[in-house]
Amino acid sequence: MLKITPPDLDRILAVLPLFHITGLVHILHLPILLNAQVIMLPSFSMPTMLSTVTKYKIKELLLVPPLLIRLVRDPEVDNHDLSCIERFSSGAAPLSEEILQLLQKRFPNTGFKQGYGMTESCSCITGHPPSHYDYKYAHAVGKIVSSTSIKIIRENGTEANINEPGEILAKGPQITMGYLNNDTATKETYDQEGYLHTGDQGFINAEGLLTITDRIKEMIKVNGHAVAPAELEDLLLGHGFVEDVAVLGIPDAYTGENPKAFVVLGSNSDGTEEALGRELLDYVRERKIRYKWLAEVEFVDVIPKSPSGKILRRVLKDRAKKGEVGVVVKEAVKEKAKL
């Protein structure tokens with residue numbers, strides 16, 4: 001952990017929930033190793049967080065993507081002197097390229113680090129070392145941490161090559177041994193060599209940096225083509241009036257599945273939802289290959305997420321089953337038939 005943590009980290013702001021693995025390791029345990037001071041927020045609000053950063057001169061801000069998105073868009077940020085921030089740290093869920101660019105533009109003198117892990121890995125499998133705090137590495141989730149090994153496995157079970165995507169398997173002293181009193185889940189998730197099957201898809205480049213492309217089980221299959229929800233979510237977050245978004249696959253008799261976007265509009269959106277929906281459909285159509293086009297856009301008040309910032313796609317699916325549907329804008333039938 002010390003190899004991916006700078007020695008001058010002497011103050012840690014506790015923004016994330018302590019019951020999550022990131023809070024448990026990085027807020028409750030790591031400060032003991034570093035002899036660092038922990039500043040606890042009594043309750044979260046953007047003004048409270050920002051004023052605390054200013055008061056205690058916080059150098060590194062450990063957040064999750066939803067909070068980083070707010071940082072680049074919330075006008076409250078302009079009311080605080082945040083020049084003390086040297087870098088941002090993120091984890092728990094992917095952060096889009098568009099948001100990274102906005103973050104660097106708004107905080108040009110900062111660096112960025114990211115970690116990758118899960119509850120079963122007791123936090124980090126990979127992380128950015130201090131030599132890679134530059135934004136040019138921000139698309140990746142870092143290098144493999146000490147005493148840990150990773151395999152990238154193709155669908156046929158063989159190991160992938162450099163820059164070739166596949167499921168990420170991890171093994172190391174921080175990896176848990178299984179699920180208590182649940183042999184079935186343990187056998188499904190851990191293989192005989194002790195590797196944890198993360199369920200995430202990614203690749204490692206020649207420099208040893210791991211990049212996450214998506215959750216394998218969340219892949220949308222359109223006419224046999226795999227479409228990563230994260231790719232379309234990244235694109236849509238770059239649109240001016242999209243505040244938040246989640247993309248899921250919906251059944252289709254002809255293609256098997258098609259992508260659907262659940263969109264939260266920003267306060268700057270102007271126009272009817274029908275017109276805005278059409279604009280988003282065109283926005284994706286102009287920038288992506290045909291099988292990645294959206295079949296529908298549904299406007300919702302909020303994207304359900306876990307405390308760590310992961311999109312709860314199952315909740316969105318359950319809403320549809322219960323008939324809880326917002327305003328839906330569909331692509332033209334003639335376009336859909338061409339897929």
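Helices here are DSSP runs of H or I with at least four residues, and strands are runs of E with at least two, both numbered from the N terminus. With that in hand, let us walk through this predicted model, starting at Leu 294.

Leu 294 is found in the loop that runs between helix H7 (273–285) and strand S16 (296–299). Is this loop residue buried or exposed? Its relative accessible area is 1%, and since buried means under 20%, Leu 294 is buried. Its surroundings are worth a look: beyond the neighbours within four places in sequence, Leu 294 is in contact with Leu 232, Leu 236, Pro 259, Lys 260, Ala 261, Leu 281, Val 284 and Glu 331. Gly 249 is 45 residues away from Leu 294 in sequence, while their C-alpha atoms are 9.6 Å apart in space.

One of those contacts, Leu 236, leads us on to the largest nonpolar core. This core has 59 residues, and those touching the most other members are Leu 13, Met 49, Leu 61, Leu 71, Phe 88, Phe 112 and Leu 236. Nonpolar side chains tend to be buried together in soluble globular proteins. There is also a second, separate core of 14 residues, with Ile 125, Ala 160, Ala 170 and Leu 210 among them.

Phe 88 deserves a stop of its own. At 0% relative accessibility, Phe 88 counts as buried. Leaving out residues up to four places away in sequence, Phe 88 touches Leu 61, Leu 68, Leu 71, Leu 103, Phe 107, Thr 110, Gly 111, Phe 112, Lys 113 and Tyr 135.

Now for the aromatic rings. A search of the whole structure turns up three aromatic pairs. In one of them, Phe 88 meets Phe 107: the ring centres are 5.0 Å apart and the planes stand at 65°, so the arrangement is edge-to-face. Phe 88 belongs to strand S4 (residues 87–90), whereas Phe 107 sits in the loop between helix H4 (97–106) and strand S5 (111–118), so this pair ties together parts that are 19 residues apart in sequence. Phe 107, at 8% relative accessibility, counts as buried too.

Rings also take part in arrangements with charged residues. Lys 151 lies over the face of Tyr 195, at 4.4 Å from the ring centre. Likewise, Arg 285 lies over the face of Trp 293, at 5.1 Å from the ring centre.

Our last stop is Asp 252, in strand S14 (residues 242–252). With 12% relative accessibility, Asp 252 counts as buried. What does the side chain of Asp 252 make a polar contact with? Its partner is the side chain of Asn 258, at 3.4 Å.

Note on methods:
Residues numbered from 1 in each chain as written. Predicted model: local features only at pLDDT ≥ 70, side-chain atom pairs only at ≥ 80, totals over all residues. Heavy atoms only, no water. Phe/Tyr/Trp six-rings, centres within 6.5 Å; stacked < 30°, edge-to-face > 60°. Buried < 20%, exposed > 50% of the residue type's maximum accessible area, 1.4 Å probe, protein only. Lys NZ or Arg CZ within 6 Å of the ring centre and 35° of its normal. Polar contact = N/O pair within 3.5 Å; in protein donor to acceptor, adjacent residues only side chain to side chain. Contact = heavy atoms within 4.5 Å. Core = buried A, V, L, I, M, F, W, Y, C linked by side-chain atoms within 4.5 Å.
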